[in-house]
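Visitor: Hello! I am new here, so could you show me around?
Guide: Gladly, have a look and ask away.

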Amino acid sequence: EARLAGKLSHTNIATVFDAGESAGCVYITQELAPGRDLRKILAETGALPFRRGIAIVRQICDGLAHAHSRGIVHRDIKPGNVIVDAEDGVKITDFGIAQPLQEEDHGINQAVAGSPGYMAPEQLRGARVDGRADVFAVGCVLYQTLTGRQPFEGTTTGTIIQETLYTLPPEPSRVRGDLPRSLDRI
């Protein structure tokens with residue numbers, strides 16, 4: 001995490017300052033990002049107003065665009081890894097399972113890691129992932145931020161995986177009637 005995130009310097013990514021080992025304990029020193037994670041905000045408020053939700057998700061996109069331009073895929077974008085401050089400024093955290101983008105696929109399966117409900121189908125299958133997996137996850141965060149529910153839900157991890165692989169979620173405008181229908185395409 002420290003090696004990859006240390007390559008990133010962007011207003012929407014929490015800065016990693018140092019990492020090491022001391023007395024047998026591995027540590028990481030990261031920027032203190034004041035605010036609350038988006039998961040807690042959504043648990044308290046439910047769906048956010050349209051403009052606020054779009055503004056928050058846009059900042060996630062800006063941070064990820066920077067990471068992708070530096071060859072890094074986060075692989076675990078979810079509301080719990082997004083800190084929102086009092087002015088709705090965003091910091092992406094937890095690059096713990098991030099990986100560098102690779103030019104060639106040498107036939108090696110990737111480890112399945114991430115959070116079901118936000119993982120792209122190729123990630124769930126253990127296939128090679130690139131920035132598109134993060135874009136899929138941002139779409140799930142956008143959906144949840146604006147509708148108050150995750151696009152893929154279930155009572156078990158297996159059910160969530162099956163939903164992600166084989167179904168389309170209800171259109172956001174059908175879940176929340178005041179959302180523009182143009183959002184459904186996204």
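Visitor: In which loop does Asp88 lie?
Guide: Keep in mind that this model is predicted. Follow the chain to Asp88 and look at the strands on either side: the place to find it is the loop between β5 (82-84) and β6 (90-92).

Visitor: Is Asp88 buried, partly exposed or exposed?
Guide: Buried would take under 20% relative accessible area, and exposed would take over 50%. Asp88 has 21% relative accessibility, so this residue counts as partly exposed.

Visitor: What is the phi of Asp88 near?
Guide: Asp88 is a residue other than glycine, and its phi is nevertheless positive. The value is near 65 degrees.

Visitor: What about Ala23, is that residue buried or exposed?
Guide: Ala23 sits in the loop between β1 (16-22) and β2 (25-30). Although Ala23 is not a glycine, its phi is positive, at about 50 degrees. The cut-off for exposed is over 50% relative accessible area. Ala23 has 81%, so it is exposed.

Visitor: And Asn81, is it buried or exposed?
Guide: You will find Asn81 in the loop between β4 (72-73) and β5. Its relative accessible area is 6%, and buried means under 20%. Asn81 is therefore buried.

Visitor: Which residue's backbone oxygen does the side chain of Asn81 reach?
Guide: Beyond its neighbours within four places in sequence, Asn81 is in contact with several residues, including His74, Lys91, Ile92 and Thr93. Its side chain also reaches a backbone oxygen at 2.8 Å, and that oxygen belongs to Asp76.

How values were computed:
Residues are numbered from 1 along each chain as its sequence is written. This is a predicted model: local features need pLDDT of at least 70, side-chain atom pairs count only at pLDDT 80 or more; totals for chains, interfaces and linings use all residues. Side-chain values use heavy atoms; hydrogens and water are left out. Helices (H or I, at least four residues) and strands (E, at least two) are DSSP runs, numbered from the N terminus. Buried means under 20% relative accessible area, exposed over 50%, partly exposed in between (1.4 Å probe, protein chains only). A polar contact is a pair of N or O atoms within 3.5 Å; within protein, one must be able to donate a hydrogen and the other to accept it, and residues adjacent in sequence count only if both atoms are side-chain atoms. Contact means heavy atoms within 4.5 Å.
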